[in-house]
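Could you walk me through this model in the viewer, stop by stop? I would like to know what to select next and what I will find there.

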Amino acid sequence: MKKTCRRKKVSTYHLPQNYLVVVRLIPWIQTKDGCVWLASFAAGKSRRQINDWLKRKTKRKRVRHLDLHLTGRHGNFIQGLGVYQLRSWVNNLLPGDSLIMRCESANPDKQFRVWKKWFQRKEAAEWDINDEFKSFFYYKPRLVK
């Protein structure tokens, strides 16, 4: 059986007032049945600020600024962009792959409450919600022969 090549997926959105939103999906853990993908998204004023945050370069002032501040007036819109992009990537997952999304914002409790309501109301029942780790998990089952 040929091993499938999995590359990270990145979508960038430009918002008013020079905000950038980056939605990222990276292959996190390889398993014998597939791959676990890690989803994340960030909003900031510059690509360098966002890349430093995504790569967790914590000694930089730009990263500390994103860790302490929320996204301002565009917060709900950015959350919606991220979830809609995530939904399209879920449809493109290979059978046997899974996807995890963690709440890592400046206020993770608030982010988790908002996303939990969203996933319970608008998303399919296949999503597992983990209250302890503030994360959401989706597994795309293999096809039955």
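Start with the aromatic rings of this predicted model: with ring centres required to lie within 6.5 Å, there are six aromatic pairs. For a first selection, take F119 and F136, whose rings are stacked, with 4.7 Å from centre to centre and 20 degrees between the planes. Now colour by secondary structure: F119 belongs to helix α4 (residues 108–122) and F136 to strand β6 (residues 135–139), so this pair ties together parts that are 17 residues apart in sequence. Switch on a surface if you like; F119 and F136 are both buried.

Next, widen the selection to F112, W115, F119, W127, F136 and Y138, which make up one aromatic cluster.

Stay on F136 and show its surroundings. Which residues does F136 touch, not counting those up to four places away in sequence? Its partners include L99, I100, M101 and C103, and also F112, W115, K116 and F119. W127, D128 and I129 complete the list.

From here, step out to the largest nonpolar core, which has 27 residues. Select L86, L99, M101, W115, F119, W127 and F136 to see the residues with the most contacts inside this core. At least two core residues come from each of β2 (19–30), β3 (35–44), α3 (75–91), β4 (98–102), α4 and β6. Which element supplies the largest share of this core? That is α3, with six residues. Apart from this core lies another one, of six residues; L20, V22, W53 and L54 are among them.

Back to helix α3, where you can pick out Q85. Is Q85 buried or exposed? Its relative accessible area is 13%, and the cut-off for buried is under 20%, so Q85 counts as buried. Display side chains here: that of Q85 makes a polar contact with the side chain of S11, at 3.4 Å. Beyond its neighbours within four places in sequence, Q85 is in contact with S11, Y13 and V23.

Two last stops show a charge over a ring. Select K9 and W37: K9 lies over the face of W37, 4.8 Å from the ring centre. Then move to K45 and Y19, where the charged end of K45 sits over the ring of Y19, at 4.5 Å from its centre.

Note on methods: Residues numbered from 1 in each chain as written. Predicted model: local features only at pLDDT ≥ 70, side-chain atom pairs only at ≥ 80, totals over all residues. Heavy atoms only, no water. Phe/Tyr/Trp six-rings, centres within 6.5 Å; stacked < 30°, edge-to-face > 60°. Helix = DSSP H or I, 4+ residues; strand = E, 2+ residues; numbered from the N terminus. Buried < 20%, exposed > 50% of the residue type's maximum accessible area, 1.4 Å probe, protein only. Lys NZ or Arg CZ within 6 Å of the ring centre and 35° of its normal. Core = buried A, V, L, I, M, F, W, Y, C linked by side-chain atoms within 4.5 Å. Contact = heavy atoms within 4.5 Å. Polar contact = N/O pair within 3.5 Å; in protein donor to acceptor, adjacent residues only side chain to side chain.
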